[in-house]
Amino acid sequence: MKEKGTFYVTTPIYYPNDIPHIGHAYTTLAADVLARWNKLNGKQVFFLTGTDEHGKKMEETAKKVGKKPKEFVDELIPQFKSAWEKLNIKYDKFIRTTDKSHENVVQEMLQKCFDNGDIYLGEYAGLYCVGCEAYYTEKDLLEGNICPIHKKSVEKIKEASYFFKLSKYQDKLLKFYKENPNFILPKERANFIINRVKEEGLKDLSISRTTFNWGIPLPFDKKHVCYVWFDALFNYYSATTEKSQENFWPANVHLIGKDIIWFHTVYWPAFLMSTGIELPKSVFAHGWWTFDKEKISKSVGKVINVDQLISIAGVDSARYFLFRNTAFGQDGDFSETSLIERHNNELANKLGNLVSRVSALAEKYELTKTENKLLKKLSLGEIQDNFNNYEFDKALNNIFTFIDICNEYVQSTKPWETGDKKILYELADSLKAIAILLSPIIPETSEKISKVFNFEITYDEIDKPLKISKIVKAPILFNKIELPDLEKVSPQKEPAQKINKPSIPGIMTMSEVQYSDWEKIQLVVGQIEKVEDLEGADKLYKLQVNIGDEVRTVCAGIKKHYSKEDLQWRKVILFKNLTPRKLKGVESKGMLLAAISKDESKVVLISPSADIEVGSIIR
Ligand code: MSP
């Protein structure tokens, strides 16, 4: 498919009777990232998501609320569509298994399998979990025949059922896995599947039910409805049977969670082999998000729904966090604190500040075209491989390494002193590359940056020199966020590692911190260059503190303890990377270290015991 320049990516189709949460969002966002990345690279992209609407559980839930199943599911779909819209997910098609066109394709496929002898009538007796829509073997259940996922008793069901001859495909599948080592991704997951197929062997699969009606009738026996997985899996194919999507089959990748890998890498290819349809190129199974190290589950109240996820630090920060924090494929534990820390330290401090400084200086001094030598330090080839290999965390790491290089370049060349238009051009041109590469992950932010520096978001633009245009200082991209009141997401969350709130504004009081917290703290020697009163504040001074590479405004509550003359030119220790706070309308960036007597009557600023240059680091 790649040769044709098309890219087809799918998400699982979700059961609509759940509120869209971080687990659903994760797969759908990953598909959005891949879709945007491939579009950026000029591919014709088809991105499919949707809902899995048939089955006993849906029928029963609808009945409980006094609705017809179709009426019931119709009402649930908008919450999925709106969740994807809120997350800035741009899918091309939203398929529903109740779409007539899908139902027709499923019936056609059932008939094909029946005609070629792969479907036969038998009797099924088994332990069925309504929640999972699946039969279990005893060994997979908890003691007392309890479903390990829903923690409820499974039901003993015996019924006439049509079977699909899965056993017939065991050797064919093993051969296929061998010949297509990229079919099951990440590759570590392949061995598990291959061994299970070899060791357990494949039994024929029951694919129809007579115990409920809410499903697609089998074309050759209308008393039976199709078992949900045959129906559900074919959505990927049926979505491409419309004229406009014909080119896209086979899919490049089905993105799924690791819990449904068996269905996608054993049943699905076997169904396709039986119908003679080409197999998808790959199935990528990502890890699971936990919350408090426990499975996310509605029944135990451990859920982060899409609205909560967005409310913490905005859409782009949520998207960034999910792909930066955990390698795609691995399990991750969700923490609101880490999300905010990444928002503050990486998006606001590193990216936001770079955009703000460069755009402000470009507005003031303008740009002059020059060769961008800085751009050579960007690992473009690696980033490309990272995206193509689903290593989104590594791609972001590489992009942020380059952002660090750009920030260091600003510090070392001091364009605010020199007004060097060529240096500013290199920086603006580098920001173009950064924004383009970040656009699959944080599209809204990239769009804002592109408007400031006037370029188009396409991959080819990375190599084209930025056109000179009138630049106006960028709006603030990421406002810093105070570490949260952790009750917001769930009352059961572990407390944040908060830095103690100072009792005297602008002065840090010492308290015990984790070693990992301590490592994050940057303390530097500064020199007070200016001391001013702060209107409306009788305890605060507004100080200008030179810390070598910049002069910081710091509001400190030391007026009662020091006169202005006492402070002028005094060397102090500044806690540099503290989230800025507004005090009496002035943004205070950092805190001075001081010793405070127990009754707080005495406050003594800490200074280096011998003279040392400003900007020196405290370790
Ligand atoms: N309807 C089936 C899929 C059929 S696809 C042909 C289904 N639906 S689901 O709504 O239960 O789950 C859909 C996806 O959400 C699965 O890929 C599952 O892995 C994912 N997640 C649900 N909770 C999750 C986490 N806590 N973390 C990551 N993904 C998780 O299964």
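Colleague: How do strand 9 and strand 11 pair?

Modeller: In this predicted model, strand 9 runs antiparallel to strand 11, which covers residues 221-226, and 2 bridges join the pair.

Colleague: Which residue is the bridge partner of Ser-208 in strand 11?

Modeller: The partner of Ser-208 is Cys-226.

Colleague: In what order do the strands of that sheet lie?

Modeller: The order is 9-11-10, in an open sheet of 3 strands with antiparallel pairing. Strand 9 (208-209) and strand 10 (217-218) are the edge strands, and each of them pairs on one side only.

Colleague: Let us turn to cavities. How many of 30 Å³ or more does the structure hold?

Modeller: There are 2 such cavities. The largest contains about 60 Å³ of space, and the second largest contains about 40 Å³.

Colleague: Which residues lie nearest the centre of the largest cavity?

Modeller: Those are Leu-578, Arg-581, Ser-588, Gly-590 and Met-591, out of 10 residues that line the largest cavity. By type, this lining consists of 5 nonpolar, 4 polar and 1 charged residues.

Colleague: And which residues line the second largest cavity?

Modeller: Its lining is made up of Lys-93, Ile-95, Ser-101, His-102, Ser-238, Ala-239, Thr-241 and Glu-242. In this lining, 2 residues are nonpolar, 4 are polar and 2 are charged.

Colleague: Which elements each supply at least two residues of that lining?

Modeller: Strand 3, spanning 93-96, and helix 4, spanning 100-115, each do so.

Colleague: His-102 appears in that list. Where is His-102 found, and is it buried or exposed?

Modeller: His-102 belongs to helix 4. Its relative accessibility is 1%, so His-102 counts as buried; the cut-off for buried is under 20%.

Colleague: What does His-102 touch, leaving aside residues up to four places away in sequence?

Modeller: On that basis, His-102 is in contact with Ile-95, Arg-96, Thr-97, Ile-216, Asp-231, Phe-234, Asn-235 and Ser-238. Among these contacts, Ile-95 and Ser-238 also line the second largest cavity.

Colleague: One last topic, confidence. What pLDDT does the chain average?

Modeller: The average is 90, and 93% of the residues score at least 70. Over residues 486-512, however, the pLDDT is below 50.

Colleague: How many contacts does that stretch have in the model, beyond near neighbours in sequence?

Modeller: The stretch 486-512 has 68 such contacts.

Colleague: How should predicted coordinates be treated where pLDDT is low?

Modeller: In such places the predicted coordinates should not be read in detail.

How values were computed. Residues are numbered from 1 along each chain as its sequence is written. This is a predicted model: local features need pLDDT of at least 70, side-chain atom pairs count only at pLDDT 80 or more; totals for chains, interfaces and linings use all residues. Side-chain values use heavy atoms; hydrogens and water are left out. On a 1 Å grid over the protein atoms alone, a cavity is a set of points where a 1.4 Å probe fits but cannot get out, and a pocket is an open set with protein on both sides within 12 Å along at least five of seven lines; lining residues have an atom within 4 Å of a point. Grid points are joined across faces, edges and corners, and a volume is the space filled by probe spheres set on the points. Ala, Val, Leu, Ile, Met, Phe, Trp, Tyr, Cys and Pro count as nonpolar, Asp, Glu, Lys and Arg as charged, and the others, Gly among them, as polar. Helices (H or I, at least four residues) and strands (E, at least two) are DSSP runs, numbered from the N terminus. pLDDT is the predictor's confidence in each residue, from 0 to 100. Contact means heavy atoms within 4.5 Å. Two strands pair if DSSP finds at least two bridges between them. Buried means under 20% relative accessible area, exposed over 50%, partly exposed in between (1.4 Å probe, protein chains only).
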